[in-house]
Amino acid sequence: MSGNAMSSYQEITEDGGTRTLLLVGRVGDGKSATGNSILGTKAFKSMHCSSGVTTACELHSTQLDGKILNVIDTPGLFDISRDPGFVIKELVRCFDLAKDGIHAVLLVLSVRTRFSREEQASVQCFLDLFESNLSDYMIVVFTGGDELEENDEILFQYLDCCPEPLKDVLKQCGNRQVLFDDKTLDPSKKAEQLRNLLIQVNLVMDLNGGKSYTAYLFKELKKLREMKHLEAEMAKECAARLEAEQNAEAALMNWENIKRLMSTRLDDGQTIDVIDTPGLVDFSGEPEDIGKEIVRCMELAKAGIHAVLLIGDYMVIVFTGGDELEDSDQSLDEYLGNDCPEPLKETIKLCDNRVVLFDNKTKDKQKKLDQLNEFRSLVSLVLEKNNGIPYTNALSKNYRYELKANSSLIGDSKPVVDESNEPIRKSYEEHLVRLTENVLEQWAIERAERISAEHKAKETRAKSEDAMRELRDHLERAERKF
Ligand SMILES: Nc1nc2c(ncn2[C@@H]2O[C@H](COP(=O)(O)OP(=O)(O)O)[C@@H](O)[C@H]2O)c(=O)[nH]1
Ligand SMILES: [Mg+2]
């Protein structure tokens, strides 16, 4: 480096500080080449390539008379097709690299390419990303000085005839501009153009009271703080919602069970448990769901089921709407005799005519008692018929048929399985094994589903914790800068 360039650097660094310059501009206009010209080394990769060689922000430094000069090169942050997230991320990285802030932003433009309204809009977009006026820190660096020279043109002539959008941008930057020939091998030319640039940097420093540009950091910090606060609020809300959902679900389950298994103690001290079910006879239901519901009923009826209020050997048919029949002056027998459809008649026959009419709306105590007593007498009939053995899953249909057919078992109050009934016992045991397997399988599936759901919830929680940690680190790093 020539003595000239060094002395001008000494002049502008009288305050003894490090200087950091940020190169911005379109891809291919010569940012990296200019960076190399400033550093006096080929630190940045620069070549004729439309897609841009620089893919991420890079910082290289040089020492001028013992003082550090940092140069940060950037990828094409002005490219409209760029994802705005990428531009922001790269800018945050730039400010991370520039530990003491940015002292001047060099907007690199090539005299070889036209500067249109679109380019002006890109520059404006870039400036708008910042809260305070970044253009106060901007110097326009024109590359291609050699080409101007070849055309016997000087920069002022070129600028005189340049398009309006470029004139506007220059004005915005206080007409601070320098010309670079990045191709020159002439040391005095190299030194002179660097000297001119450093004079402009000095002007920018004066203009900004010697302060580097750090406003963006403040903005970023503010944003991070807001985000951190927001994240914390969201996490709190999420946890509260999750807890409320779990409580509601538990309460609902509890209520469902209470609702579905109701017990009552009768005057004679007997207890009746009644289990309500969803529409299990509805053929549109999934067999799997119906199976699950039946398993649940069996779980609720720990002592087994003594009567099913609709179908078969254990069944009592309960007709509701007694009040409506009364309104139309009809008895249940009359109703069943006249309008009863054939399939219902068959079902009633299947249940040995165990039918009872209920008026669930009545307030008449005697009526309530009468219908309950009638119902109880039918339940007693069922108990008698089935030898007092409650219906449990273990009693397969086959087993019950065989039980009926085998007189030695009937008449006893509990299921007696003696040697002579070996085939029945076997069939019963086999059924029990199958049933146990089914129930265990069902529980295993439900357990696996629950574990997988819990695992997923844990994973989601871990992910959000990771994001929070990252955010916190970022914030702490930013805070340490001040
Ligand atoms: N003739 C001439 N070519 C230049 C000048 N500055 C840069 N270039 C060329 O322009 C092309 C793009 O330069 P580069 O530094 O990679 O641009 P970037 O994408 O902005 O970093 C390269 O082929 C450089 O050699 C210059 O002052 N004169
Ligand atoms: Mg580059």
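Where is the place of Asn 208, and between which two helices does that loop lie? I began my notebook with this residue, keeping in mind that the model is predicted.

**Entry 1: Asn 208**

I found Asn 208 in the loop between helix H8, which spans 187–207, and helix H9, which spans 215–260. I then looked up how much of Asn 208 is open to the surroundings, and its relative accessible area came to 15%, so I wrote it down as buried, because buried means under 20%. Leaving out residues up to four places away in sequence, I noted that Asn 208 touches Asp 136 and Tyr 137.

**Entry 2: the whole chain**

I stepped back to the protein chain as a whole and recorded 16 helices and 10 strands. The chain has 482 residues, and I noted that buried residues make up 36% of them. For contacts with a separation of 6 or more, I wrote that 68% are accounted for by residues 24 or more positions apart. The area that the chain exposes is about 29,100 Å², and carbon and sulfur atoms supply 53% of that area.

**Entry 3: Cys 173**

I turned to another loop, the one between helix H7 (164–172) and strand S6 (177–180), where Cys 173 is found. Is Cys 173 buried or exposed? Its relative accessible area is 1%, so I counted Cys 173 as buried. When I set aside neighbours within four places in sequence, the residues in contact with Cys 173 were Ser 135, Met 138 and Val 140. I also looked up the pair Cys 173 and Val 204, which stand 31 residues apart along the chain, and found their C-alpha atoms separated by 10.0 Å.

**Entry 4: salt bridges**

How many salt bridges does the structure hold? I recorded 10 salt bridges, and beside that number I wrote a general reminder that side chains of opposite charge can pair when their charged atoms come close.

I looked at a few of them in detail, beginning with Asp 29 and Arg 26, whose side chains meet in a salt bridge at 3.0 Å from N to O. Asp 29 is buried, with a relative accessible area of 2%, and Arg 26 also counts as buried, at 16% relative accessibility. This pair belongs to a network of salt bridges that links Arg 26, Asp 29 and Glu 119.

The next pair I checked was Lys 189 and Asp 181, whose side chains meet in a salt bridge at 2.7 Å from N to O, and I noted that both residues are buried.

In the pair of Asp 352 and Arg 354, the closest N and O atoms of the salt bridge are 3.6 Å apart. Here I wrote the two partners down separately, because Asp 352 is partly exposed, with a relative accessible area of 45%, whereas Arg 354 counts as buried, at 3% relative accessibility.

**Entry 5: a negative patch**

Which residues gather in a patch of negative charge on the surface? I listed Glu 324, Asp 327, Asp 329, Asp 333 and Glu 334. The elements that give two or more residues to this negative patch are helix H11, at 322–327, and helix H12, at 332–338. I followed one member of the patch further, and noted that Glu 334 lies in helix H12. Its relative accessible area is 40%, so I entered Glu 334 as partly exposed.

Key
Residues are numbered from 1 along each chain as its sequence is written. Chains are lettered from A and ligands numbered from 1 in the order in which they are written. This is a predicted model: local features need pLDDT of at least 70, side-chain atom pairs count only at pLDDT 80 or more; totals for chains, interfaces and linings use all residues. Side-chain values use heavy atoms; hydrogens and water are left out. Helices (H or I, at least four residues) and strands (E, at least two) are DSSP runs, numbered from the N terminus. Buried means under 20% relative accessible area, exposed over 50%, partly exposed in between (1.4 Å probe, protein chains only). Contact means heavy atoms within 4.5 Å. Accessible areas come from the Shrake-Rupley method with a 1.4 Å probe; for residues, only the protein chains shown count as cover. Patches are made of residues with over 30% relative accessible area and no salt bridge: like charges are joined within 9 Å, nonpolar side chains (Val, Leu, Ile, Met, Phe, Trp, Tyr) within 5 Å. A salt bridge is a side-chain nitrogen of Lys or Arg within 4 Å of a carboxyl oxygen of Asp or Glu. Lys and Arg count as positive and Asp and Glu as negative; His and the chain ends are not counted. The place of a charge is taken as NZ of Lys, CZ of Arg, CG of Asp or CD of Glu.
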